[in-house]
There are 2 protein chains.
Amino acid sequence: MEKYLIEQPWKIVEEGFDKTKNRFSESIFSLGNGFMGLRGNFEENYSGDKMNGTYLAGVYYPDKTRVGWWKNGYPEYFAKVLNSTNWLGIEIKVDGDTLDLNDCEIKEFKRELDMKCGILYRTFIVVMPNKKEIKVNASRFVSMERNELGVISYEISILNGDGKVTVTPYLDGNVHNEDSNYDEYFWVHEGENSINDRSFVNLKTKKTEFYTNTGMSFHIYMDDSPLELPRENNQKGGFISQTVESEVKQNQSLKVVKYVSCVTSRDHEITDLTKVSNKNLEEAEKSGYTILENEHKNRWEHIWETSDVQIEGSESAQQAIRFNIFNMMQTYTGVDSRLNIGPKGFTGEKYGGSTYWDTEAYCIPFYLSTSAEDISKNLLIYRYKQLDKAIENAEKLGFTGGAALFPMVTMNGEECHNEWEITFEEIHRNGAILYGIYTYIQKTMDKDYLAQYGLEVLIAVSRFWAQRVNYSNEKKQYVMLGVTGPNEYENNVNNNWYTNKIAQWSLKYTLESIKWVKNNHKNRYQEIISKINFTSDEVKKFTEVANNMYFPEKDGIFLQQDGFLDKDIVNVDDLKPEDRPINQNWSWDRILRSSCIKQADVLQGMYFFEDQFTTEEHLKNFKFYEPLTVHESSLSPCVHGILASKLGLADKAYEMYLRTARLDLDNYNNDTEDGCHITSMAGTWMSIVHGFGGLRYKEGEMFLSPTIPNAWDSYNFKIIDKNSPISVHVNKKHVTIDAELERDIFINNKKYTIGPKEVLKVNL
Amino acid sequence: MEKYLIEQPWKIVEEGFDKTKNRFSESIFSLGNGFMGLRGNFEENYSGDKMNGTYLAGVYYPDKTRVGWWKNGYPEYFAKVLNSTNWLGIEIKVDGDTLDLNDCEIKEFKRELDMKCGILYRTFIVVMPNKKEIKVNASRFVSMERNELGVISYEISILNGDGKVTVTPYLDGNVHNEDSNYDEYFWVHEGENSINDRSFVNLKTKKTEFYTNTGMSFHIYMDDSPLELPRENNQKGGFISQTVESEVKQNQSLKVVKYVSCVTSRDHEITDLTKVSNKNLEEAEKSGYTILENEHKNRWEHIWETSDVQIEGSESAQQAIRFNIFNMMQTYTGVDSRLNIGPKGFTGEKYGGSTYWDTEAYCIPFYLSTSAEDISKNLLIYRYKQLDKAIENAEKLGFTGGAALFPMVTMNGEECHNEWEITFEEIHRNGAILYGIYTYIQKTMDKDYLAQYGLEVLIAVSRFWAQRVNYSNEKKQYVMLGVTGPNEYENNVNNNWYTNKIAQWSLKYTLESIKWVKNNHKNRYQEIISKINFTSDEVKKFTEVANNMYFPEKDGIFLQQDGFLDKDIVNVDDLKPEDRPINQNWSWDRILRSSCIKQADVLQGMYFFEDQFTTEEHLKNFKFYEPLTVHESSLSPCVHGILASKLGLADKAYEMYLRTARLDLDNYNNDTEDGCHITSMAGTWMSIVHGFGGLRYKEGEMFLSPTIPNAWDSYNFKIIDKNSPISVHVNKKHVTIDAELERDIFINNKKYTIGPKEVLKVNL
């Protein structure tokens, strides 16, 4: 871990260019708008180490799974997030020499992401091998207002004389994924074409047959005045470009404004793609850079109004939390219920798939408090729409009668991960899907969601649990064999406490919800049970299993799994420093049999179901498990941070916060070059708002129990609650609440009522 | 399973040609001589479904491992058995049309393997598309006398007229492995050349850089008289051929005798390869087909003299046991201690590697009783030579101080398998390595082997066990976490009874052997302990662990692992027929949590250490586990058969025998097309000799306790014992022993002494 970037409250700044950190910076300086995005690559050619990445949400390729010996029930493919047509490129020549920062003397270099408005700026002064000293000012954004639009402004001056500048904006469909399992090329070229001065590249994915059209047009300006130049067109095999050339006098500036449209067959008829792209470009040209930029800025201003967290006392923490929120918001905007929150968002291609249990466990709480209700609801509906596939998935594993197993990794509802050892038996995710519904309803009180969509999902998942357990004649209880819990440093264990817990809770919540729907939506209830052939025998079975579930426990410690106490129990602090992180230094074999825990497991369960346990139980288990936890999952510290806050362990909570908040900015796990850890960013937000803020929702009511770390003076966060943003400001002495509408709020379990547009100040 | 081949005591016969079974037949009709071998492919072109396979023992390629996410300690490569230069090929044209059985009308077709002499015959009469009716008589063998020599005789006549026959013997180095992980080509062409009328192809493997030279020469005969014809040479990119052409009158026969030499840099200097090959061919030509054939036949006659098992009462059983013995003997001859017994021998390319624990657990007992002692000793020395690599292997997993973990799959001592789920944690193999030494000494009383080689291996393996266990504060005993037992339908379990057992036994046997070497080879002992830094603390630790090992047990059942009784225990007979075999019909997930056992696990341990248990214990555990066992490993039925014989369960023993003996001949597992199950063939032999014969060795003494299945009248087997073959004939009433030298023998635990060249007959 090292500090490389400059800390500013609203900006991420890289000053000076370190070639060895270029992939890292490309990840950090990624931009997106929920529909498309790209890494912080350079417009001009760059021959140094880089990973070009341009992504389109929901466009994927089913890469053949890479396993030693494929067995029944294994996923047939790994859904790869696709690197798609590179639309960023602008080749620059000065007096015939190509600009390439890899062979220039760099005099000044600055990359700057302005998170307040979602714009990436880059300026540099370099001396080219031909001795021309060049200055470039570039800026880009992926429009939050127009989903299919990217805009680039690229301005070049020669500082030490006159010269001939050649500018070649291009689109390049000759892209590949670095993580292709078999080094396959995933795209088929479907031709290039031009309409007026607009150029288009058409590609189609193999197998999945997503058609994409990427279009570009551009305007040239000399010292900000439009300049018409003859264009030389070039096109070949997925590549298309237009070249213009101009004499530029010393200190004149030649600027190109490039408009890009990306459209796909996900949203349009295949035959219409070029037409739609052409229209997008036409409209963008009409608006011009400034209007487009303003629209985009306004969107971001609007987003921050309800989602900003302000921290006084630490610029580093302030920058970090905004970086996390910024990335959540540019990865998923919630307007398309077919999309979800991929683990790398638009910042890299690793891991594949777009949906993990992270969505329900981490992201839904974030969106519930920062965005309109329907954003979270769309994430729930996403799963509802994939229920049939989840039932098929369970059938492939031998389950019957409408039992559903939602996938660990998916793009379209099918299971699509790449490995057995960790992922396959993590069936606990099935419970998280239901917990997402529960979380949503606790916050919104939209119980009708159960009747509308929720109950079918609940019953299907509970059917799975009821079949997945078996009755142990030995224990005279129901057991669950052969699972992997959230702690992926154990595999194929019996009676993982967390999994048994969330299975039991799933069954109970399903039984409650059945009652509620039956009582409140009689007709709909009949419709559902007849559609899915649900019987009263199943109610009995659910009840029987829920009431007789086995949980490993000893002396008040909930055991992670059967046999956990047979291990050689070693505190993480007693490991040799050179062994850390263990996943880079120990054999997998050794990790599995060690007592080291990757991420919250029993504690994850206690966090989800906190009301079921006393503070003493919380404390005892926290003190047992936290010292055994290496936090080598990006999802771990946040949960521990929240629990530590709750237990009043402010220092521990702050330590955990630091591990999660600057994970990518300080490259904590030394893997940010692959892309940012998007879903864990929601966890970071949780560790502030649910952790330090102590925010909980129960039955639609809002509870706050703040704990402020010593390092901070105070912090503010705004929350969308029943469609009314309220602002919470906490410091070591007070909570101050600013509400738009009249409402109740519980502060340290005491109820207060605030009038509309009133401010409430409560001493702590 | 279906009967396709004709049953004869000494022959495997296929009559008529079924294209859909061609790959199966190619496997069955494979030939080898321990150094090289080939599948039963056709000499002439064949455009139908086939898998060409020509293999050279010890020549392999390190194919990049195919795993989803590579983790520390995973093997970096999977050692592939290589398909090498195809030397069988003889292209035939008649009146310009190429002979290809895929487009002929087939009037007669017969493939016949004569196991007595190791020769494959093929005759067929076909009508070619050009209406020429052709008769072919072909025979081939891989010389048991000359390791590097293959010989083919191919005779063709035209039955319905005269014609021009064109014969093109060739060598083709353009071969690939069907099971290449990434569809890579493993060979580099190193050029072709000719000396006189001999042609050579030189290849080199990528990475491992094995150089091979394959040479051919041939003679042509018309009606058995030598015929000199002009030869047209052709060579290009790894391919070389010579074409001759002759008018053949109706009912004349044109014969080509092709000699092939295969030499590699494993045995010769790279620069000498062509020279050696040329000499091999020169000598073969001088001898001619008949002399070469006779040498080869004599060798086989000699092999059968000491290894034949004769069964009266069942031709099917008779053929099957000979097929098993034949394949063992042609796979491994024991003259090269760098070689071992690959799972497919020379019959296919699947699984890779050449050495599994099968060698020690199954093959050593076979060779000990059928071949000279040094054959088995070479198999032990093979592991001794790889001890350093086994120590490195353990170091990669985090073990220290000279602890050794022998690989699960290897070619050169390095671990080189392809998957995690099953293979990786099967550390029990480490015990089998020691059990091989123990078996060898029990039979030969060559205890000096311990001083010479054995003790170093014993201590290194025991060091591994002493580190691999940990002390459980919960159980107050040593436990072994995270292992996979022989039953590969469980993965990553705790306290697998078999593994704990063989670990405990390893430690005890090591301690005993330390004492013996210390007392009997004082100087050598000092040399060893100083070489490996062995201390008395380690003796203490070994003793402590061996005396305090935990074993899961309940009511006299030794539990396969912790928690086994939590499973839903279901007898295999109660499964639906359509679920069998479960590995083709159930998800891996379901298999793992089921109570189904793939192969003997607890019972394997009881078989190895039978003296530690009462007959009651044997019976109780057999009756518990056998009904749970699906026998989906080819190694399973034989162990159950032996135990059943011992327990007097003759019918069960016979049922088990039938499952193992004709596994490949009747294609029981529907996968013989990939190659034959070579190592399990030793198990088949064991189920007869150790099972029905009840043969045991204890401290050099021979014990027999026969049980003859009802279906058989009697059987004979010959055993090499202290270098003197004795012949044992058992029927339902008598044991008859025919000994060359004076010796003692225990029949049903009663001691008998037989004079030299005497026959002893004992009533049962």
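**Exercise 1. Place the annotated domain.**
Which residues of chain A does UniProt list for the central catalytic domain, and how far apart are the end C-alpha atoms of that span?

*Solution.* Start with the record: an unreviewed UniProt entry lists residues 322-686 of chain A as "domain: Glycoside hydrolase family 65 central catalytic". Keep in mind as you work that the model is predicted. Next, look at the two ends of the span, whose C-alpha atoms lie 13 Å apart. Finally, check the secondary structure: residues 322-686 are 52% helix and 3% strand.

**Exercise 2. Describe chain A as a whole.**
How many helices and strands does chain A have, and what is its radius of gyration?

*Solution.* Begin with the elements: chain A holds 18 helices and 34 strands. Its radius of gyration is 27 Å, close to the 27 Å given by the globule rule for 764 residues, so chain A is as compact as a globular protein of that length. Along the principal axes, the C-alpha atoms fill a box of roughly 85 × 55 × 55 Å.

Now turn to packing. In chain A, 67% of the 764 residues count as buried. Among contacts with a separation of 6 or more, 69% are between residues 24 or more positions apart.

Last comes the surface and the charge. The accessible surface of chain A is about 26,600 Å², and carbon and sulfur atoms account for 45% of that area. There are 87 positive and 112 negative side chains, with the centres of the two sets 3 Å apart.

**Exercise 3. Examine the annotated active-site residue.**
Is A:Glu488 buried or exposed, and which residues does A:Glu488 touch beyond four places away in sequence?

*Solution.* First, the annotation: the unreviewed UniProt entry marks A:Glu488 as "active site". Second, the location: A:Glu488 sits in the loop between strand S24 (477-479) and helix H9 (497-520) of chain A. Third, the accessibility: buried means under 20% relative accessible area, so A:Glu488, at 14%, counts as buried. Fourth, the surroundings: setting aside residues up to four places away in sequence, A:Glu488 touches A:Met408, A:Ile422, A:Glu426, A:Trp588, A:Lys598 and A:Gln599.

**Exercise 4. Follow a strand into the loop after it.**
Where are A:Ile90 and A:Asp95 found, and is each of them buried or partly exposed?

*Solution.* Take A:Ile90 to begin with. It is in strand S8 (residues 90-94) of chain A, and its relative accessible area is 0%, so A:Ile90 is buried. Leaving out neighbours within four places in sequence, its contacts include A:Glu43, A:Ile152, A:Tyr154, A:Val167, A:Pro169 and A:Val256. One of these partners shows how sequence and space can part ways: A:Tyr154 is 64 residues from A:Ile90 in sequence, with 8.5 Å between their C-alpha atoms.

Now step on to A:Asp95, in the loop between S8 and strand S9 (97-98). With a relative accessible area of 35%, A:Asp95 is partly exposed. Its phi is near 50°, a positive value in a residue other than glycine.

**Exercise 5. Pick out the backbone exceptions.**
Which peptide bonds to A:Pro581 and B:Pro581 are cis, and what is phi of A:Asn533?

*Solution.* A reminder helps here: most residues other than glycine have a negative phi, and most peptide bonds are trans. In chain A, the bond from A:Arg580 to A:Pro581 is cis, with omega near -15°. In chain B, the bond from B:Arg580 to B:Pro581 is cis too, with omega near -10°. A:Pro581 lies in the loop between strand S26 (557-558) and helix H12 (582-585) of chain A, and B:Pro581 is in the loop between strand S26 (557-558) and helix H12 (582-585) of chain B.

For phi, go to A:Asn533, where the value is near 55°. A:Asn533 is in the loop between helix H10 (522-532) and helix H11 (536-547), and its relative accessible area of 60% makes it exposed.

**Exercise 6. Compare settings in chain B.**
In which elements or loops are B:Ser246 and B:Glu415 found?

*Solution.* B:Ser246 belongs to strand S20 (residues 239-248) and counts as buried at 9% relative accessibility. Its contacts beyond four places in sequence include B:Lys164, B:Met222 and B:Leu254. B:Glu415 is in the loop between helix H6 (387-396) and helix H7 (429-444), and at 10% relative accessibility B:Glu415 counts as buried. Among its contacts beyond four places in sequence are B:Tyr77, B:Met408 and B:Arg429.

Conventions
Residues are numbered from 1 along each chain as its sequence is written. Chains are lettered from A and ligands numbered from 1 in the order in which they are written. This is a predicted model: local features need pLDDT of at least 70, side-chain atom pairs count only at pLDDT 80 or more; totals for chains, interfaces and linings use all residues. Side-chain values use heavy atoms; hydrogens and water are left out. Helices (H or I, at least four residues) and strands (E, at least two) are DSSP runs, numbered from the N terminus. Buried means under 20% relative accessible area, exposed over 50%, partly exposed in between (1.4 Å probe, protein chains only). Contact means heavy atoms within 4.5 Å. The radius of gyration is taken over C-alpha atoms; the globule rule is 2.2 Å times the number of residues to the power 0.38. Accessible areas come from the Shrake-Rupley method with a 1.4 Å probe; for residues, only the protein chains shown count as cover. Lys and Arg count as positive and Asp and Glu as negative; His and the chain ends are not counted. The place of a charge is taken as NZ of Lys, CZ of Arg, CG of Asp or CD of Glu. UniProt positions are given in the numbering used here, feature names are shortened, and annotations may be inferred rather than shown by experiment.
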